[in-house]
Amino acid sequence: MSDEPKKAGHIITIQEHILGQQRNHPTATGGFSWLLSGITLAARIISANVRRAGILDILGDIGNANVFGEQQQKLDILANKSIELCLEYRGNVGIIASEELDEPKVITKSGTAGRYIVVFDPLDGSSNIDVNVSVGTIFSILERDPSGFNTSDPVTDVLQAGVKQLAAGYIVYGSSTMLVYTTGEGVHMFTLDPSVGAFILASEHVKMPEKGKCYSVNEGNANSFPTGVKRYLDWCKTEEAGPFTSRYIGSLVADFHRTLLRGGIFLYPPTAKSPGGKLRLLYEANPIAFLAEQAGGAATDGKKRIMEKIPTSLHERTPLFVGSKTEMDRLQRFVDEAK
Ligand code: AHM
Ligand code: MG
């Protein structure tokens, strides 16, 4: 499938695409495709609810704080539950870990210990829901260590470096709903046709432009950014840089989606409020880094490659810099010179 160019009139659904990828691996059992189809089902359920957010009176917080002390939105809970329900009965999902759950959940519904771990941020950028700005779902799939199958400590199974990811992706609930995924063989993009409920292939083997003229950062925090980052952002405004544009939505999925398609750079540096960075390594940074690298871009924490970081706790945060190769190299030069 992936070798065949998309022809006019040739409609490819995500299910066909995943099965096509599976054919490239003759030993594959189909279990992984079955798992991914659980995620696409959850994506359609969440999309339908996000689209009707105002109508269904499901906006607003529910008065509960999550593990980070942040107010959980009703849609956060709904999105989390949808993914849980769509994965729990697949039979091969052993553990799920979510930004909205304090602890990983060991799945026992199927009776056997499933080999896959699904890590996700069910509704990223959810503080934007009430103002009708794009939100998203981010997921990452890992494999359980066979020797850890019966462990009573699922956290150990989940704490794997990003390089171990088998697949990652996101769904952006924007002007249209798009699903973007990688299994390590390029980045592929699908648009949800709500009238038939199917994700239809939009582009295969998406490449991030090597250069881009857009930087994306919450500059309200600039006073507390590290010196190298401040100097890079100053450079972005010089004549030498040419016309650089600033764009910041405040939803990682939406900001990254633009960066993937248009090139440029997204930065969430350490700040006074979040000295270790704000974004979560497992739920946000790793899957985004996997997609960025597969598309020809790069992702670091300012010191090292995101995907090589060994997580030490479930909800660990990290600074995140991700984008086109040229801008990432330039940023690194500013960071290194400031040392
Ligand atoms: P969330 O997972 O609680 O929604 O928070 C993550 C969001 C990202 O989507 C976004 O990049 C970032 O927080 C924006 O943070 P800020 O408002 O500090 O700029
Ligand atoms: Mg998030």
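Visitor: What makes Tyr-248 a polar contact of ligand 1?

Guide: In this predicted model, a polar side-chain atom of Tyr-248 sits 2.5 Å from an oxygen atom of ligand 1. A polar contact asks for a pair of N or O atoms within 3.5 Å, so this pair qualifies. Tyr-268 passes the test too, because its polar side-chain atom is 2.6 Å from an oxygen atom of the ligand.

Visitor: Which part of Ser-126 takes part in such a contact?

Guide: For Ser-126 it is a polar backbone atom, 3.4 Å from an oxygen atom of ligand 1. The cut-off is 3.5 Å, so the pair still counts. Altogether, 17 residues surround ligand 1, and Gly-125, Asn-218, Tyr-248, Leu-252 and Tyr-268 are the closest.

Visitor: Why are Asp-121, Asp-124 and Glu-284 called donors of the magnesium ion (ligand 2)?

Guide: They lie 1.8 to 2.1 Å from the ion. A donor has to be an N, O or S atom within 2.8 Å of this metal, so the OD atoms of Asp-121 and Asp-124 and the OE atom of Glu-284 earn the name. Along the chain, their spacing reads D-x2-D-x159-E.

Visitor: What makes Asp-121 and Glu-284 a pair that ties parts together?

Guide: Asp-121 belongs to strand S5 (residues 116-124) and Glu-284 to helix H7 (residues 281-294), so the pair links parts that are 163 residues apart in sequence.

Visitor: Are these two buried or exposed, and how do you know?

Guide: Asp-121 has a relative accessibility of 1%, and Glu-284 also has a relative accessible area of 1%. Buried means under 20%, so Asp-121 and Glu-284 both count as buried.

Visitor: Which residues touch the most other members of the largest nonpolar core?

Guide: Val-118, Leu-123 and Ile-141 do, in a core of 37 residues. Helix H2 (residues 31-51) gives the most to this core, with eight residues. In general, nonpolar side chains in soluble globular proteins tend to be buried together. Leaving aside neighbours within four places in sequence, Ile-141 is in contact with residues including Phe-32, Leu-36, Val-118 and Leu-166. Apart from this core lies another, of 31 residues, with Ile-138 and Phe-290 among them.

Visitor: How do you know that the span of helix H8 is close to the expected one?

Guide: Helix H8 (residues 325-337) has 13 residues and reaches 18 Å from its first C-alpha to its last. At 1.5 Å a residue, 18 Å is expected, so the two values agree closely.

Visitor: What covers the buried residues of H8?

Guide: Its buried residues include Met-328, Leu-331 and Phe-334. The cover includes helix H5 (227-236) and strands S13 (265-268), S15 (298-300) and S17 (320-323).

Notes. Residues are numbered from 1 along each chain as its sequence is written. Chains are lettered from A and ligands numbered from 1 in the order in which they are written. This is a predicted model: local features need pLDDT of at least 70, side-chain atom pairs count only at pLDDT 80 or more; totals for chains, interfaces and linings use all residues. Side-chain values use heavy atoms; hydrogens and water are left out. A nonpolar core is a set of buried Ala, Val, Leu, Ile, Met, Phe, Trp, Tyr and Cys residues joined through side-chain atoms within 4.5 Å. Buried means under 20% relative accessible area, exposed over 50%, partly exposed in between (1.4 Å probe, protein chains only). Helices (H or I, at least four residues) and strands (E, at least two) are DSSP runs, numbered from the N terminus. Contact means heavy atoms within 4.5 Å. Donors are N, O and S atoms within 2.8 Å of the metal (3.2 Å for Na, K and Ca); water is not among the atoms, so sites may look incomplete. A residue is near a molecule or strand if one of its heavy atoms lies within 4 Å of it. A polar contact is a pair of N or O atoms within 3.5 Å; within protein, one must be able to donate a hydrogen and the other to accept it, and residues adjacent in sequence count only if both atoms are side-chain atoms.
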